[in-house]
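Here's a quick briefing to read alongside the sequence and the 3D view. Keep the model open and click through the residues as they come up.

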Amino acid sequence: GEPRTGPPTLGSWVTIALAKEVISPAGVVKPSTAAFARSVRLVGILFCSSQNELSQKFVRRLEICYRAGLMLDAAIIAVTVESTAEEAAATRATLPPDWASLPFAQTGRAWTRYGILGTPALVFVEALSGTIVRANAVVDVMANANEPATVLKLCGVEKPACWAREQAKRRAASSR
């Protein structure tokens, strides 16, 4: 199976702002500082619900952006907004397999910490410091789902890893 701990990929802020543990993409509970197998610059904290159609649509747009290259610089931790542990597990099952999520009992702190009032919501923070770089990135992702470098630049990432990939795609498209 998946190792329970690995090198810390996130700073200790995650244990204070979110929770001491996360549910990894494979369903393994692990320390939140080792939520992801690889280092990333940013973490997108996604507040979502499977009961909310707008939230479901946004998760699909975010997944498009993530697959298009956002994943090279950012990881996602989902905070589900459900009233029971069963509903939270069902929502988790609808999310992409490489996103981590908070355990059901631990979601309240994140809501308060980031002042979230409804779903969908997406807050980007620096992976090591936890500093908020974009308090509401929902509009960014909705408008630029196929251009993750644009989303990352709005978050202050000067040279997104996906930039070269996007430039190559543009050149290929313009030479047709």
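Start with I64: leaving out residues up to four places away in sequence, I64 touches A145 and N146. This is a predicted model, so treat what follows as computed from a prediction. I64 lies in helix 2, and that helix gets a good share of the bullets below.

**I64 up close**
- With a relative accessible area of 39%, I64 is partly exposed, because the buried label needs a value under 20%.
- I64 and I45 are 19 residues apart along the chain, and their C-alpha atoms are separated by 16 Å.

**Helix 2, the host of I64**
- Helix 2 covers residues 53-67, which is 15 residues.
- From first C-alpha to last, helix 2 reaches 21 Å, close to the 21 Å expected at 1.5 Å a residue.
- Which residues of helix 2 are buried? They are S55, F58, V59, L62, C65 and Y66.
- Looking down the axis of helix 2, those buried residues fall within an arc of 125°, so they line one face of the helix.
- Some background helps here: an α-helix has 3.6 residues a turn, so residues three or four places apart point the same way.
- What do the buried residues of helix 2 pack against? Three strands are on the list, namely strand 3 (42-48), strand 4 (74-80) and strand 6 (121-126), along with helix 5 (138-143) and helix 6 (148-154).
- At the N-terminal end, N52 acts as the cap of helix 2, with a side-chain oxygen 2.8 Å from the backbone nitrogen of L54.
- After helix 2 comes G69, which has a positive phi, near 145°.

**D73, on the way to strand 4**
- D73 sits in the loop between helix 2 and strand 4.
- Is D73 buried or exposed? D73 is buried, at a relative accessible area of 2%.
- Not counting residues up to four places away in sequence, D73 touches V40, R41, L42, L152, P160, A161 and C162.

**P96, a loop residue touching E63 and R67**
- Look for P96 in the loop between helix 3 (85-94) and strand 5 (100-101).
- P96 has a relative accessible area of 5% and is buried.
- Setting aside neighbours within four places in sequence, P96 is in contact with E63 and R67.
- P96 and S175 are 79 residues apart along the chain, with 34 Å between their C-alpha atoms.

**Helix 4 and T107**
- T107 belongs to helix 4, which runs over residues 107-114.
- At 12% relative accessibility, T107 counts as buried, since the cut-off is under 20%.
- Beyond residues up to four places away in sequence, T107 touches V79, T80 and L102.
- The buried residues in helix 4 are T107, A110, W111 and Y114.
- Those residues cover an arc of only 100° around the axis, which puts them on the same side of helix 4.
- The cover over the buried residues of helix 4 includes helix 1 (13-17), strand 3, strand 4, strand 6 and strand 7 (132-134).
- Just after helix 4, G115 has a positive phi of about 60°.

**A cis peptide bond**
- Where is P120? P120 is in the loop between helix 4 and strand 6.
- The peptide bond from T119 to P120 is cis, and its omega is near -5°.

**The chain as a whole**
- The secondary structure comes to 7 helices and 7 strands.
- Read from the N terminus, the order of elements is α-β-β-β-α-β-α-β-α-β-β-α-α-α.
- The radius of gyration is 16 Å, close to the 16 Å that the globule rule gives for 176 residues, so the chain is as compact as a globular protein of that length.
- Taken along the principal axes, the C-alpha atoms fill a box of roughly 50 × 35 × 30 Å.
- Buried residues account for 46% of the 176 residues.
- Of the contacts between residues at least 6 apart in sequence, 66% join residues at least 24 apart.
- The accessible surface is about 8500 Å², and 56% of that belongs to carbon and sulfur atoms.

Key:
Residues numbered from 1 in each chain as written. Predicted model: local features only at pLDDT ≥ 70, side-chain atom pairs only at ≥ 80, totals over all residues. Heavy atoms only, no water. Helix = DSSP H or I, 4+ residues; strand = E, 2+ residues; numbered from the N terminus. Expected span 1.5 Å × (residues − 1). Buried < 20%, exposed > 50% of the residue type's maximum accessible area, 1.4 Å probe, protein only. Arc of directions from axis to C-beta. Contact = heavy atoms within 4.5 Å. Polar contact = N/O pair within 3.5 Å; in protein donor to acceptor, adjacent residues only side chain to side chain. Rg over C-alpha atoms; globule rule 2.2 N^0.38 Å. Areas by Shrake-Rupley, 256 points an atom, 1.4 Å probe, with all protein chains shown as cover.
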